[in-house]
Amino acid sequence: MRAGRWDRKHFMGNELYGKTLAIIGLGRIGREVATRMQSFGMRTIGFDPLVSTKDAAEFKVEWKSLEDIWPEADYITVHTPLIKQTRNLVCTEVLAKCRKGVRLINCARGGIINEKEVLAAIKEGHVGGMALDVFEEEPPKN
């Protein structure tokens, strides 16, 4: 601004309305995320092996298998524990099934999203971005 320029395109966000949010883990937090994002006009789809299709529909989430979720999601948010089945759940193989520009959010546990593989996909232009508040190695050393 001091230079007398306002290059607005550098400060633009992304429209959430009409986008599809995939929620992995439909427990208490996953359900709260669904409710909040539906208020922005997002379509919510989700996966949780412990939640039935009927239960997911009660909070307006369309239950899908993981294989069906990846190609439909504009945004993927993870709300699961880190266990053997969820370690490196989001990896190169999964990212190849996702839409170009998909954005990832991990507020659950480090290690569910393979950070190195996602970073490579961001550099290649396939992934639009990643937001983390947890890391596989905490505190991160590099």
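This is a short tour of the structure, from the whole chain down to single residues.

**Whole chain**

Start with everything shown. The model is predicted. Colour by secondary structure: the protein has five helices and six strands. Trace the chain from its start and the elements follow the order β-α-β-α-β-α-β-α-β-α-β.

Switch to a C-alpha trace. Along the principal axes, the C-alpha atoms of the protein fill a box of roughly 55 × 35 × 25 Å. The radius of gyration is 16 Å, which agrees with the value near 14 Å that a compact globule of 142 residues would have.

Now turn on the surface. About 9100 Å² of the protein is accessible, and carbon and sulfur atoms hold 54% of that area. Of the 142 residues, 39% count as buried. Draw the contacts with a separation of 6 or more: 61% of them join residues 24 or more positions apart.

**The largest pocket**

Select Gly25, His79, Thr80, Pro81 and Thr86. Among the lining residues of the largest pocket, these lie nearest its centre. The full lining has 22 residues, and the space in the pocket is about 430 Å³.

Which helix gives the most to this lining? Select residues 28–38: helix H1 does, with three residues. Then colour the lining by residue class. Twelve residues are nonpolar, seven are polar and three are charged.

**Asn106**

Move to strand E5, residues 102–106, and pick Asn106. Is Asn106 buried or exposed? Its relative accessibility is 1%, and the limit for buried is under 20%, so Asn106 counts as buried.

Show what surrounds it. Leaving out residues up to four places away in sequence, Asn106 touches Val78, Ile112 and Ile113. On the same terms, Asn106 also touches Ala131, Leu132, Asp133 and Val134.

**Cys98**

Step back along the chain to the loop between helix H4 (92–95) and E5, where Cys98 is found. Cys98 counts as buried because its relative accessibility is 6%. What does Cys98 touch, not counting residues up to four places away in sequence? Select Trp70, Ile76 and His126.

Finish with a distance. Pick the C-alpha atoms of Cys98 and Glu67: they are 10.0 Å apart in space. In sequence, Cys98 and Glu67 are 31 residues apart.

Definitions and conventions: Residues numbered from 1 in each chain as written. Predicted model: local features only at pLDDT ≥ 70, side-chain atom pairs only at ≥ 80, totals over all residues. Heavy atoms only, no water. 1 Å grid on protein atoms, 1.4 Å probe; cavity = no way out; pocket = protein on both sides within 12 Å on 5 of 7 lines; lining within 4 Å. Points joined across faces, edges and corners; volume = space filled by probe spheres on them. Helix = DSSP H or I, 4+ residues; strand = E, 2+ residues; numbered from the N terminus. Nonpolar A, V, L, I, M, F, W, Y, C, P; charged D, E, K, R; others polar. Rg over C-alpha atoms; globule rule 2.2 N^0.38 Å. Buried < 20%, exposed > 50% of the residue type's maximum accessible area, 1.4 Å probe, protein only. Contact = heavy atoms within 4.5 Å. Areas by Shrake-Rupley, 256 points an atom, 1.4 Å probe, with all protein chains shown as cover.
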